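This briefing turns to selected side chains, grouped by topic. Please keep the sequence and the model in view while reading.

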Amino acid sequence: MSENKAATAGASLLPTYARYPLTLVKGEGSWLWDDTGKRYLDFMSGIAVTNLGHAPARIKEALVQQLDQLWHVSNLFHIPNQADAAKLLTDNSCGDAVFFCNSGAEANEAAIKLARRYQQLVQNNGRYEIITFEQSFHGRTLATLTATGQAKVKEGFAPLPEGFTYIPYNDFAALEGAVSDKTAAIMLEMVQAEGGIRPVDQIYIRQVAELCKREGILLIVDEIQTGIGRTGKLFAYEHFGIEPDIFTLAKGLGSGFPVGAMVAKEELREGFSAGSHGSTFGGTPIATAVVKATLETIVGDSLSARAAAQGEYLMSQLREKLAGSSFVKEVRGLGLLVGIECAGPVADVITAAQERGLLVITAGPNIVRLLPNLLVTNEEIDEAVSILVELLNAR
Ligand SMILES: *Cc1c(COP(=O)(O)O)cnc(C)c1O
């Protein structure tokens with residue numbers, strides 16, 4: 001390899017990712033271009049991040065305006081954008097108080113810390129255990145990979161933090177059996193995304209919420225992939241008639257700018273005090289200018305409702321046109337978080353789609369995951385569906 005080739009292939013990077021042989025250099029709306037000028041229809045949105053498409057004008061304007069003003073000062077000072085962004089989150093959710101951080105794992109880490117500290121220092125009950133679910137995904141820090149219900153993310157990282165228990169998803173008897181006087185919180189996704197696009201059961205989640213209330217257990221909902229309009233509501237918990245005590249955000253929150261947040265109910269406020277948690281970059285003027293513009297756009301333009309409608313269209317088209325396939329087992333999802341479960345591995349479908357100019361990803365070995373942006377048009381959906389139908393019906 002020439003020196004230049006080695007640099008573009010990332011020879012100086014740690015091998016933490018299996019990368020496709022594609023270098024994307026430009027994006028606009030639902031479209032991406034690679035370094036040879038080839039165009040791709042983006043139905044993965046950087047894994048549910050660019051919910052407003054690539055380079056959305058209104059967000060860029062807010063970002064550029066803030067870049068001219070002030071980049072960083074530290075949380076030792078008041079940051080007006082941060083207060084405004086927090087108010088937008090609490091005005092549009094069941095939450096009352098927000099902590100900003102920089103990623104999903106950090107948001108979940110904050111949720112785990114707040115749940116334990118609230119139980120131990122406010123309720124004085126010594127509770128520490130967090131119940132999570134098989135096939136869940138909560139992040140890559142030591143606490144959040146421990147919370148994650150998948151063995152492969154934990155391999156080689158022992159010893160792991162104590163106080164996590166895993167149970168099957170959508171199984172209330174298993175939950176009742178796992179709860180004890182040490183249970184601080186139950187943490188789950190409303191649709192297990194990395195775990196295979198598996199929605200939580202309506203009746204089950206209500207039973208879980210009731211049990212939490214009755215037993216003084218905190219309900220933490222990980223909305224990192226499902227939040228910010230993706231599932232057809234601003235937050236996925238809204239579909240289920242429940243209110244979490246804490247929910248976490250990242251991915252779509254910054255339209256591609258790295259930012260995370262934990263949102264908690266009023267009672268939880270005293271779980272943290274000055275100095276008990278923090279982050280140098282959490283909620284900088286730049287990050288929260290982007291969060292403000294993102295939330296104003298999604299709420300102001302009713303993009304959650306649009307995601308619901310476009311998700312319905314996408315799923316109905318897929319179901320209709322894949323009805324005769326013996327390879328496709330099920331098309332399911334919520335809003336624009338969609339999975340096509342197949343009878344065998346789909347890795348080659350992903351790469352064949354790339355060759356045809358369509359970017360999609362997997363959610364486990366047998367599931368094609370579709371995550372278009374919330375502004376995706378019917379024509380773009382038709383184009384993606386026709387490529388996928390052709391590839392899947394040939395199997
Ligand atoms: C992506 C994701 C995370 C981790 O977020 P990072 O920003 O990669 O740390 C946690 N939970 C869920 C549900 C996710 O989809």
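Tyrosine 237 is buried (under 20% relative accessible area, with a 1.4 Å probe and protein chains only), its relative accessible area being 4%. The model is a predicted one, in which local features need pLDDT of at least 70 and side-chain atom pairs count only at pLDDT 80 or more, while totals for chains, interfaces and linings use all residues. Residues are numbered from 1 along each chain as its sequence is written, and side-chain values use heavy atoms, leaving out hydrogens and water.

**Aromatic cluster**
- Phenylalanine 235, buried at a relative accessible area of 0%, pairs with phenylalanine 247 at 4.8 Å centre to centre and 50° between the planes, a tilted arrangement (ring centres within 6.5 Å; tilted planes are neither under 30 degrees apart, which is stacked, nor over 60, which is edge-to-face).
- Because phenylalanine 235 lies in the loop between β10 (218–222) and β11 (246–249) and phenylalanine 247 in strand β11, this pair ties together parts that are twelve residues apart in sequence (strands are DSSP runs of E, at least two residues, numbered from the N terminus).
- Phenylalanine 247 is likewise buried, at 0% relative accessibility, and ring pairs link Phe235, Tyr237 and Phe247 into a cluster.

**Charges over rings**
- Arginine 39 lies over the face of tryptophan 31, at 3.6 Å from the ring centre (CZ of Arg within 6 Å of the ring centre and within 35 degrees of the ring normal).
- The charged end of arginine 395 is placed over the ring of phenylalanine 327, at 4.3 Å from its centre.

How values were computed: Buried < 20%, exposed > 50% of the residue type's maximum accessible area, 1.4 Å probe, protein only. Phe/Tyr/Trp six-rings, centres within 6.5 Å; stacked < 30°, edge-to-face > 60°. Helix = DSSP H or I, 4+ residues; strand = E, 2+ residues; numbered from the N terminus.
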